[in-house]
Amino acid sequence: MTALLDMRNVTVFRGRTQVFAGLTLRIEEGCNTAILGPNGAGKSTLLKMVAGELFPVFSPDSHVKVLGRERWNVWDLRSHLGIVSHDMQHEYLPGTPGLEVILSGFYSSVGTWRNQSFGQREHRRAEEVMERLGIEALRARAFGSMSTGEQRRFLLGRALVNDPGTLLLDEPTSGLDLRTSFLYRDLLRELARKGTTILLVTHHVCEIPSEVQHVVLLKQGRVLAQGRREDMLTSEKLSELFDCPLHAVSHNGTCQVFPAA
Ligand SMILES: Nc1ncnc2c1ncn2[C@@H]1O[C@H](COP(=O)(O)OP(=O)(O)O)[C@@H](O)[C@H]1O
Ligand SMILES: [Mg+2]
């Protein structure tokens, strides 16, 4: 079986910070996975490596393989992976109409450019995706004037236009109110049930939908543990991960944590 991600002995710096020192991690293709860890654990860094935005320090005994390959044309890679991250929300010019945010997904670019062409097929697909996410009425609305929840749905739509096999999501519901975050989570669950693989990065335990059965606990650039959801989302493991006494409770497929008494 190919791995979505196969990292061996990987060392990565961001500026002067060494985020990973010899990290080895394998995530199977088709296995919905959550990477859970506190702020600064290296979660976003890991996703950026999968997306081909960041590279490790070269060493002969280390590699990062994504979908079985070490070398990718970054545009090809991004047509296999749909990426939704926070950073992107700030990169779009506030005046960009919703439809253009969606269309930019065909080229995995931020915004659309004159040299890019969008024919009937692309427009039809963009409409289809907007209808699926319930945002078609906002197609002409400026991105900067949308609510955070609406912006997130447009960014999800942007990631979906190429019908990617895998979605990479970095803290997708942070900053959303409860109702909006549940709606967003339902969209992810529906995608997962229809066969899209989800790789979700988060520090919110309750954000992990029950369709995600594999959990990697990442702490200070190291894998503390990984395994089946029910074995990872325990009071003991989560207390160790977040360095504070926690009590984990599962209800209807959602895990929530409370400070331990
Ligand atoms: N652009 C950057 N320059 C320097 N250090 C960075 C940069 N981005 C992230 N870091 C550092 O790298 C570490 C991991 O960051 P990140 O992957 O964003 O963590 P997480 O997503 O788990 O919160 C943190 O210590 C953070 O301060
Ligand atoms: Mg992050």
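Is helix α1 mostly covered or mostly exposed, and how many of its eight residues are buried? α1 is mostly covered, and eight of its eight residues are buried. The model is predicted. The chain holds nine helices and eleven strands, and α1 recurs below both in the shell around ligand 1 and in the packing on a sheet.

**Overall chain**

- A compact globule of 261 residues would have a radius of gyration near 18 Å, and the chain agrees because its own value is 18 Å.
- The C-alpha trace spans about 50 × 45 × 35 Å along its principal axes.
- Buried residues make up 36% of the 261 in the chain.
- Of the contacts between residues at least 6 apart in sequence, 61% join residues at least 24 apart.

**Ligand 1 and its shell**

- The residues around ligand 1 include Arg-14, Gly-15, Thr-17 and Val-19.
- Gly-37, Asn-39, Gly-40, Ala-41 and Gly-42 also belong to the surroundings of ligand 1, as do Lys-43, Ser-44 and Thr-45.
- By class, two residues of this shell are nonpolar, eight are polar and two are charged.
- Strand β2 (17-28) and helix α1 (43-50) each supply at least two residues of the shell.
- α1 gives the most, with three residues.

**Helix α1**

- The buried residues of α1 are Lys-43, Ser-44, Thr-45, Leu-46, Leu-47, Lys-48, Met-49 and Val-50.
- Lys-43, Ser-44 and Thr-45 are thus buried and also part of the surroundings of ligand 1.
- Gly-52, with a positive phi near 75°, follows α1.

**Three-stranded sheet**

- Three strands form an open sheet in the order β2-β1-β4, with antiparallel pairing.
- β2 and β4 (63-66) are the edge strands; each has a single partner, so one side of each is left without a neighbour in the sheet.
- On average, neighbouring strands here are turned by 20° against each other, direction ignored.
- α1 packs on this sheet and touches β1, β2 and β4, its direction making about 120° with that of β1.
- β1 (residues 3-14) and β2 run antiparallel and are joined by eight bridges.
- Within this pair, Met-7 stands opposite Leu-25, and Arg-14 stands opposite Thr-17.
- The two strands form a hairpin with two residues between them, and Gly-15 in the turn has a positive phi of about 60°.
- Arg-14, Gly-15 and Thr-17 are also among the residues around ligand 1.

**Six-stranded sheet**

- Another open sheet has six strands in the order β5-β6-β7-β3-β8-β9, with mixed pairing.
- Its edges are β5 (81-84) and β9 (222-228), each with a single partner strand, so one side of each lacks a neighbour in the sheet.
- The average turn between neighbouring strands of this sheet is 15°, direction ignored.
- β5 and β6 (residues 166-170) run parallel and are joined by four bridges.
- Val-84 has Leu-169 in β6 as its bridge partner.
- Helix α6 (residues 148-160) lies across β5 and β6, running at about 165° to β5.

**Leu-224 in edge strand β9**

- Leu-224 is placed in β9.
- Leu-224 counts as partly exposed because 16 other C-beta atoms lie within 10 Å, whereas a buried residue needs 20 or more.
- Beyond its neighbours within four places in sequence, Leu-224 is in contact with Leu-217, Leu-218, Lys-219, Glu-240 and Leu-241.
- Arg-153 is 71 residues from Leu-224 along the chain, and their C-alpha atoms are separated by 32 Å.

**Positive phi outside glycine**

- Most residues other than glycine have a negative phi.
- Gln-220 has a positive phi near 45° and lies in the loop between β8 (214-219) and β9.
- Gln-220 counts as partly exposed because it has 14 C-beta neighbours inside 10 Å.
- Asn-252 has a positive phi near 50° and lies in the loop between β10 (246-251) and β11 (254-259).
- Asn-252 counts as exposed because it has 5 C-beta neighbours inside 10 Å, and the limit for exposed residues is 12 or fewer.

Technical notes: Residues are numbered from 1 along each chain as its sequence is written. Chains are lettered from A and ligands numbered from 1 in the order in which they are written. This is a predicted model: local features need pLDDT of at least 70, side-chain atom pairs count only at pLDDT 80 or more; totals for chains, interfaces and linings use all residues. A residue is near a molecule or strand if its C-beta atom, placed from the backbone, lies within 6 Å of it. Ala, Val, Leu, Ile, Met, Phe, Trp, Tyr, Cys and Pro count as nonpolar, Asp, Glu, Lys and Arg as charged, and the others, Gly among them, as polar. Two strands pair if DSSP finds at least two bridges between them. Axes are lines fitted to C-alpha atoms, for helices over the stretch in contact, and angles run from 0 to 180 degrees between N-to-C directions. Two residues are in contact if their C-beta atoms, placed from the backbone, lie within 7 Å. The radius of gyration is taken over C-alpha atoms; the globule rule is 2.2 Å times the number of residues to the power 0.38.
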